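Welcome, and please open the structure in your viewer. This tour goes stop by stop, with something to select at each one.

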Amino acid sequence: MVLVSPPAVERAESAWELIDRNAVVVCADYEQATQWADQAPAEYRAHAVTGLTRTAALLKAGRIGLVAGSPTDLAALVARSALKLDTLETVVIAWPESLAGELDPLLAEAVNARRIVLSWNPPALADFLERHARRAEVVGNLPLDPDGKPLGPVGSARFAVVSATRRRAGLRDALDVLRATKPYVWTGGAIAAPKDTDVVVATTLPTRAELQALIAIAPQPVLLALASQVPYLRSIAALTPLSLPSAADRAQDRSSVLRAQIINLLGGDLDAELAVLTPLFEEHDPALVAAALLASTRQPSAVSIQPRDAETGTGGTEGAWMKIFVTVGTKDRASAKDLVGALIKEAGLQKGQIGKIEVRESFSLVEIAPPSVDQAVRRLSGVAIRGRRVTARPDRG
């Protein structure tokens with residue numbers, strides 16, 4: 001059977017009446033696969049292929065009824081003998097307009113399965129349907145005029161590619177860019193906008209008729225879509241991209257500036273900090289740990305860790321550095337990060353109290369702030385670094 005439908009999982013409600021509980025949904029990518037799994041009734045025990053190893057384990061354990069994934073991921077599961085297509089009752093092929101070339105090897109394995117094809121343009125799939133769904137019943141309105149010619153766009157629209165998980169944020173961004181004062185946000189269902197609407201934004205993929213109705217309300221409605229849905233939109237509208245604001249364009253209040261600073265730090269070297277925080281993550285929710293750290297920066301008594309100097313690579317502690325000698329080196333596969341982690345986690349030092357580190361073949365030299373040398377030597381001695389218990393002492397050289 002071929003069901004004519006826009007390429008959106010939420011628009012394919014009628015398909016569930018035809019899908020058995022032992023089925024595979026072949027779709028464009030993991031994002032669509034996740035939507036299929038999220039919208040499936042609970043009794044289907046649906047699962048989206050977002051990780052091959054975990055999915056293979058669940059399939060072998062019999063924990064999955066319906067599995068949704070891209071052709072590449074499903075073929076990989078077949079190659080691992082985790083997915084048995086020859087035992088399937090139903091294969092759902094979700095909008096193969098851009099997938100037809102990838103599907104032949106996969107569908108050849110599912111010789112006994114009933115085929116349900118979702119398509120927004122069945123006439124363009126004539127060869128594919130002849131091979132894999134011959135003489136299939138077509139349900140829905142074909143995009144053809146009375147003379148059998150393809151229908152053209154119904155008008156013009158703007159679009160922005162927004163992932164399903166960012167749809168609400170994308171809507172806010174679009175309304176900000178358009179400076180909408182009286183927007184009409186269509187989320188599906190009946191279309192009924194106020195007369196004074198200045199902007200129309202659709203967060204659900206419209207049919208041809210629905211888009212025509214939206215254009216009648218306000219010119220160039222904005223359509224928020226997945227990347228895989230853009231070819232369909234081009235078939236029903238003359239599209240113009242809408243650029244959503246970047247992080248730099250958004251309102252720069254105190255919180256957004258702080259978030260931007262944290263994002264910048266995420267790309268840096270945080271190994272030493274992780275060494276300190278990992279024990280806390282094992283006992284507490286990491287989000288609460290992060291919130292507590294942020295709260296501590298607002299406390300007058302908060303400990304201030306001096307930043308490392310960008311040119312010298314040393315910390316900001318005043319005064320001359322002192323070196324300690326540590327009996328571990330490159331032959332033990334030790335690195336400067338290993339030593340920093342040990343000094344922070346085991347010796348209790350802060351990052352700003354640690355200076356330059358020289359890792360040589362059989363030993364290492366570490367610069368330590370003078371007030372912390374005794375603590376570093378005492379607590380580091382006997383600690384295992386790369387499986388070797390080390391001895392630390394002030395450097396005599």
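Which residue in S10 is the bridge partner of Tyr184? Select Tyr184 and look across to S10: the partner is Val200. Before you go further, keep in mind that this is a predicted model.

**Stop 1: the five-stranded sheet**

Tyr184 is a good way into an open sheet, so now show strand S9 (183–186) together with S10 (residues 199–202). S9 and S10 run parallel and are joined by four bridges. Add the other strands and you can read the order S9-S10-S11-S8-S12, five strands with parallel pairing. At the edges stand S9 and S12 (238–241), each with a single partner strand, so one side of each has no neighbour in the sheet. Turn the view to follow the twist, which averages 30° from one strand to the next.

**Stop 2: strand S11**

Next, select residues 222–225, which make up strand S11. Are the residues on its two faces buried or exposed? Val222 and Leu224 on one side are buried, and so are Leu223 and Ala225 on the other, which leaves both faces covered.

Now centre on Leu223. Its bridge partner in one direction is Phe159, and Ala202 is also a bridge partner of Leu223. Phe159 takes you to the pairing with S8 (residues 156–161), which is parallel and has four bridges. Ala202 takes you to S10, joined to S11 in parallel by two bridges. To get from S10 to S11 along the chain, trace through helix H7 (residues 208–217); this β-α-β crossover is right-handed.

**Stop 3: a salt bridge from helix H7**

Stay with H7 and pick out Glu210. What does Glu210 form with Arg11? The two form a salt bridge, with 2.9 Å between the closest N and O atoms. Follow the chain between them and you will see that the pair links distant parts: Glu210 sits in H7, while Arg11 is in the loop between strand S1 (2–4) and strand S2 (23–26), 199 residues apart. Glu210 counts as buried, at 17% relative accessibility, whereas Arg11 is partly exposed at 22%.

**Stop 4: the seven-stranded sheet**

Arg11 has brought you between S1 and S2, so bring up the sheet to which these strands belong. The order is S3-S4-S2-S5-S6-S1-S7, an open sheet of seven strands with parallel pairing. S3 (46–48) and S7 (138–139) are the edge strands, each pairing on one side only.

Walk through part of this sheet one pair at a time:

- Select S2 and S5 (residues 90–94), which pair in parallel over four bridges. Val24 stands opposite Val91 in S5.
- Move on to S5 and S6, parallel and joined by five bridges. Here Ala94 has Leu118 in S6 as its bridge partner.
- Finish with S1 and S6, a parallel pairing over three bridges. Val2 is partnered with Val117 in S6.

How many of the six residues of strand S6 are buried? Select residues 114–119 to check: five of the six are buried, so to speak of S6 as mostly covered is fair.

**Stop 5: two packed helices**

Now show helix H2 (residues 52–60) and helix H3 (residues 71–79). Their axes are 10 Å apart and the helices pack at an angle of about 55°. H2 and H3 are therefore oblique to each other, and their crossing is right-handed.

**Stop 6: more charged pairs**

A search of the whole structure finds ten salt bridges, and a few more deserve a click. Select Asp104 and Arg131, whose side chains meet in one at 3.2 Å, N to O. Asp104 lies in helix H4 (residues 100–109) and Arg131 in helix H5 (residues 126–132), so this pair ties together parts 27 residues apart in sequence. Asp104 is partly exposed, with a relative accessible area of 27%, and Arg131 is also partly exposed, at 46%.

Then try Arg166 with Asp173, where the closest N and O atoms are 3.5 Å apart. Arg166 counts as partly exposed at 36% relative accessibility, but Asp173 is buried at 6%. For the last selection, choose Lys323, Glu358 and Arg360: salt bridges that share partners join these residues into one network.

Note on methods:
Residues numbered from 1 in each chain as written. Predicted model: local features only at pLDDT ≥ 70, side-chain atom pairs only at ≥ 80, totals over all residues. Heavy atoms only, no water. Buried < 20%, exposed > 50% of the residue type's maximum accessible area, 1.4 Å probe, protein only. Pairing = 2+ DSSP bridges. Right-handed = clockwise from strand over helix to strand, strands pointing away. Salt bridge = Lys/Arg side-chain N within 4 Å of Asp/Glu carboxyl O. Axes fitted to C-alpha atoms, helices over the stretch in contact; angles between N-to-C directions. Parallel < 35°, antiparallel > 145°, perpendicular 65-115°, else oblique. Left-handed = near helix turned anticlockwise from the far one by under 90°.
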